[in-house]
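Visitor: Could you walk me through this chain? I am new to reading structures, so please explain the terms as we go.

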Amino acid sequence: PGSYVVEARTGLVTARRTFDVKANAATLAAVTLDAGALLLQAPLAAGGEPLSSATFTVRAAPPGTPPGTGKVVWVGPATDAPLVLPAGTYTVKAEYGRARQERTATAAVGTLAALEIPLDAGRLKLRTIDREGGGEVDRVAYVVSEDDPDSKQGRRVVARSAAVMPDLTLPAGTYYVSA
């Protein structure tokens, strides 16, 4: 018999409640988490296969919070498990390679919501050959750039690689490749 504090914890949610246990009697100890869950997915395009190596940043976003400025509550990789959060509104940023997108999501009490954040990106696979129909050339340095009206040269470098066959993930757009 006595007074006990019971703590329940899952994901990013913790709740405590005090219970009085009487002698020779059962005590029902229900602890309410006031939580919701989000299943985070980031495909290259809407409806596509989720990227298993995407990274997510979740920020608290109470009303009136400018996007990208709330307190970071979780950063991690894509998983098949839902992320349990205190009920509330969040800004979720998905990143993969140079592609990134951000969405607002609500974790409602007692719900599981799938949040798909299409990255609107594509993959650029590069290889160099010595001539039409010829063999591959190794030891090539690639520079990928895009238009940038604020730059002196009018372009901004977005990726560099010395891989034999680079496979780059970039936001949808037009790029210039130098080898």
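Guide: What follows is a short conversation about the fold, the cores and two loop residues.

Guide: This is a predicted model, in which local features need pLDDT of at least 70 and side-chain atom pairs count only at pLDDT 80 or more, while totals for chains, interfaces and linings use all residues. Residues are numbered from 1 along each chain as its sequence is written, and side-chain values use heavy atoms, with hydrogens and water left out.

Visitor: Okay, how many helices and strands are there in the chain?

Guide: The chain has zero helices and 14 strands, where helices (H or I, at least four residues) and strands (E, at least two) are DSSP runs numbered from the N terminus.

Visitor: And what radius of gyration does the chain have?

Guide: The chain has 24 Å, whereas a compact globule of 179 residues would have a value near 16 Å; the radius is taken over C-alpha atoms, and the globule rule is 2.2 Å times the number of residues to the power 0.38. Along its principal axes, the C-alpha trace spans about 90 × 35 × 25 Å.

Visitor: How much of the chain is buried?

Guide: Of the 179 residues, 30% count as buried, with buried meaning under 20% relative accessible area, exposed over 50%, and partly exposed in between (1.4 Å probe, protein chains only).

Visitor: Which residues have the most contacts inside the largest nonpolar core?

Guide: That core has 20 residues, and those with the most contacts inside it are Leu 40, Phe 56, Val 58, Leu 85, Val 92 and Leu 119. A nonpolar core is a set of buried Ala, Val, Leu, Ile, Met, Phe, Trp, Tyr and Cys residues joined through side-chain atoms within 4.5 Å. A second, separate core of nine residues includes Tyr 142, Leu 168, Leu 170 and Tyr 175.

Visitor: What does Leu 40 touch?

Guide: Leaving aside residues up to four places away in sequence, Leu 40 touches Phe 56, Val 58, Trp 74, Thr 79, Leu 83, Val 92 and Leu 115, where contact means heavy atoms within 4.5 Å.

Visitor: Changing topic, where does Asp 34 lie?

Guide: Asp 34 lies in the loop between strand E2 (13–21) and strand E3 (35–41), and although Asp 34 is not a glycine, it has a positive phi of about 50 degrees.

Visitor: Is Asp 34 buried or partly exposed?

Guide: Asp 34 has 45% relative accessibility, so it counts as partly exposed.

Visitor: And what about Arg 139?

Guide: Arg 139, another residue other than glycine, has a positive phi near 55 degrees, and Arg 139 is found in the loop between strand E10 (121–125) and strand E11 (142–147). Arg 139 counts as exposed because its relative accessibility is 83%.
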